[in-house]
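Please open the model in a viewer and prepare to select residues one group at a time. The tour below proceeds from charged pairs to aromatic rings and then to individual polar side chains.

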Amino acid sequence: MTDPNRLTAAEAVARLRSGDLTAEALTRACLDRAAERQSVKAWTWLDPQQALAQARAADRAGRPGLLAGLPIGVKDVIDTVDMPTEHGSPIYRGNRPFTDAACVALLRIAGGTIMGKTVTTEFANRFPGATVNPHNPAHTPGGSSSGSAAAVADFQVPVGLGTQTGGSVIRPSAFCGVVGYKPSFGEFSRSGIKMQCHNLDTLGLLCRSVEDIALLRAALIATPRRPVDRTVPAPRIGLCRTPAWNTADAVTQALIESTGRRLAAAGAEIGDAAFAPQFANIHEHHRRIFNYEAAHNYAYEYERHHDQVSQVLRDTVLTPGRDLPLSAYVEALETAEAYRAHLDDVFTEFDVLLTPSAAGEAPEGLGSTGDPSFNSIWTLGWVPCVTLPAGTGPRGLPLGVQLVGRRFADEALLDAAAWVEARLAA
């Protein structure tokens with residue numbers, strides 16, 4: 001029988017509900033794995049007794065709710081009333097919020113056990129945290145949701161919360177070999193999450209199967225669970241190389257091409273999808289919005305704790321954002337609106353787009369979390385994205401493929417992703 005900590009979230013909840021598994025046993029198995037694998041450095045706060053107390057309370061109550069005591073890791077830019085929230089910054093060391101973030105409150109209401117806080121890069125931005133890639137500690141786990149990605153991949157917790165402003169859910173999920181989901185912009189509440197960019201920040205999920213996404217998504221939007229529909233016909237898939245295609249390594253380019261052929265052989269209708277010429281520099285508009293909004297949202301930290309903000313963040317985001325004219329920011333907002341309308345048109349021809357999750361395997365070294373170019377354009381587009389594990393690269397590290405759906409059609413994307421997931425596993 002599979003060790004409890006290696007179950008998907010959906011499998012674990014099924015066993016919790018049946019009584020075949022207790023919340024305490026599942027949480028204890030996750031905690032034992034985390035203790036065994038402390039070298040991964042996935043957690044910034046993990047109190048075993050606190051986690052076990054929550055699990056025992058769930059068992060005593062009969063494991064109620066949609067999640068029935070499921071352990072969950074929470075990225076440390078998300079407020080938790082009973083644990084510190086430090087944002088990966090010395091400025092907030094020991095910070096204790098007065099309330100839970102909305103997402104944490106909803107997960108607790110649904111019966112989830114908040115196991116601990118996972119490592120984030122500084123303010124969910126560029127300066128890395130301590131976490132290493134669980135497949136090879138000499139390589140980055142990606143960022144900024146580094147701890148959640150590593151913890152899920154290393155079987156320390158079945159699911160983690162992350163956030164994405166550029167590529168902070170999809171890229172670390174791909175680098176660590178797990179399933180990642182960034183919903184349509186606005187579908188998940190951001191109340192109680194440290195704000196970086198009000199036009200971009202999105203709460204996301206890192207887990208082990210598409211069915212896990214459907215389960216947690218129901219809890220986070222407080223609706224009845226809708227299992228993915230595995231009877232949907234083969235989707236129309238647009239192979240989208242994006243303007244960043246030349247930054248992908250040869251292995252990743254070949255992976256996307258071969259995945260398209262494999263899905264076509266399984267019955268999918270495959271065609272090429274491309275951006276209109278006026279959006280060839282759409283990355284630049286994402287960068288402008290990112291820098292401008294982050295610079296204003298971190299005004300307090302920049303002014304009052306300047307020396308405790310990393311030089312990387314100051315030099316690459318905050319200072320350029322302060323120097324950016326309002327007119328350039330407004331132009332980027334207007335271009336983003338036109339770009340979203342263009343994506344709406346693209347999805348009249350395709351159900352989903354197939355595109356790289358990242359430029360390649362997780363880079364060697366811990367000084368950078370990797371290139372977000374294959375993610376930021378979709379974050380700007382407000383469209384939902386799923387990354388699925390798709391084998392390994394030449395260094396034996398995970399590779400992923402990304403599926404992108406029409407905005408506010410997340411359930412259709414999950415159905416299509418489940419169809420692809422089954423074909424990739426065949």
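With which residue does aspartate 59 form a salt bridge? Select aspartate 59 and arginine 63: the closest N and O atoms of this salt bridge are 2.8 Å apart. A salt bridge here is a side-chain nitrogen of Lys or Arg within 4 Å of a carboxyl oxygen of Asp or Glu. Arginine 63 is buried because its relative accessible area is 15%, where buried means under 20% relative accessible area, exposed over 50%, and partly exposed in between (1.4 Å probe, protein chains only).

Before continuing, note that this is a predicted model, in which local features need pLDDT of at least 70, side-chain atom pairs count only at pLDDT 80 or more, and totals for chains, interfaces and linings use all residues. Residues are numbered from 1 along each chain as its sequence is written, and side-chain values use heavy atoms, with hydrogens and water left out.

**Further salt bridges**

The whole structure contains 28 salt bridges. Select next aspartate 76 and lysine 117, whose closest N and O atoms are 3.2 Å apart in a salt bridge. This pair links distant parts of the chain, 41 residues apart: aspartate 76 is in the loop between strand S2 (71-75) and helix H4 (102-109), and lysine 117 is in strand S3 (residues 113-118). Helices (H or I, at least four residues) and strands (E, at least two) are DSSP runs, numbered from the N terminus. Aspartate 76 counts as buried because its relative accessibility is 3%; lysine 117 counts as buried because its value is 0%.

Move to arginine 225 and glutamate 211, whose side chains meet in a salt bridge at 3.8 Å, N to O. Arginine 225 lies in the loop between helix H7 (210-220) and strand S7 (236-240), and glutamate 211 lies in helix H7, so the pair ties together parts that are 14 residues apart in sequence. Arginine 225 is partly exposed, with a relative accessible area of 31%, whereas glutamate 211 is buried at 14%. Then select Glu187, Arg217, Arg226, Glu411 and Asp415, which are joined into one network by salt bridges that share partners.

**Aromatic rings**

Rings of Phe, Tyr and Trp (its six-membered ring) pair if their centres lie within 6.5 Å; planes under 30 degrees apart count as stacked, over 60 as edge-to-face and the rest as tilted. By this rule there are eight aromatic pairs. Select phenylalanine 185 and tryptophan 382: the ring centres are 4.6 Å apart and the planes are at 15 degrees, so the pair is stacked. Phenylalanine 185 is in the loop between strand S5 (179-182) and strand S6 (202-207), and tryptophan 382 is in the loop between helix H13 (373-381) and strand S10 (385-392), 197 residues apart. Both phenylalanine 185 and tryptophan 382 are buried.

Now select phenylalanine 279 and tyrosine 339, a tilted pair because the ring centres are 5.6 Å apart and the planes are at 55 degrees. Phenylalanine 279 and tyrosine 339 are buried, and they belong to one aromatic cluster with Phe275 and Trp378.

Return to tryptophan 382 and add arginine 340, whose charged end sits over the tryptophan ring, 3.6 Å from its centre. A charge sits over a ring if NZ of Lys or CZ of Arg is within 6 Å of the ring centre and within 35 degrees of the ring normal. The charged end of arginine 6 likewise sits over the ring of phenylalanine 155, 4.2 Å from its centre.

**Individual polar side chains**

Select aspartate 201, found in the loop between S5 and S6. Aspartate 201 is buried yet has no salt bridge, and the nearest side chain of opposite charge, arginine 190, is 5.0 Å away (Lys and Arg count as positive and Asp and Glu as negative; His and the chain ends are not counted). The side chain of aspartate 201 reaches the backbone nitrogen of glutamine 196 at 2.6 Å.

Finish at threonine 379 in helix H13, which is buried, with a relative accessible area of 0%. A polar atom of the threonine 379 side chain lies 2.7 Å from the backbone oxygen of glycine 166.

Conventions: A polar contact is a pair of N or O atoms within 3.5 Å; within protein, one must be able to donate a hydrogen and the other to accept it, and residues adjacent in sequence count only if both atoms are side-chain atoms.
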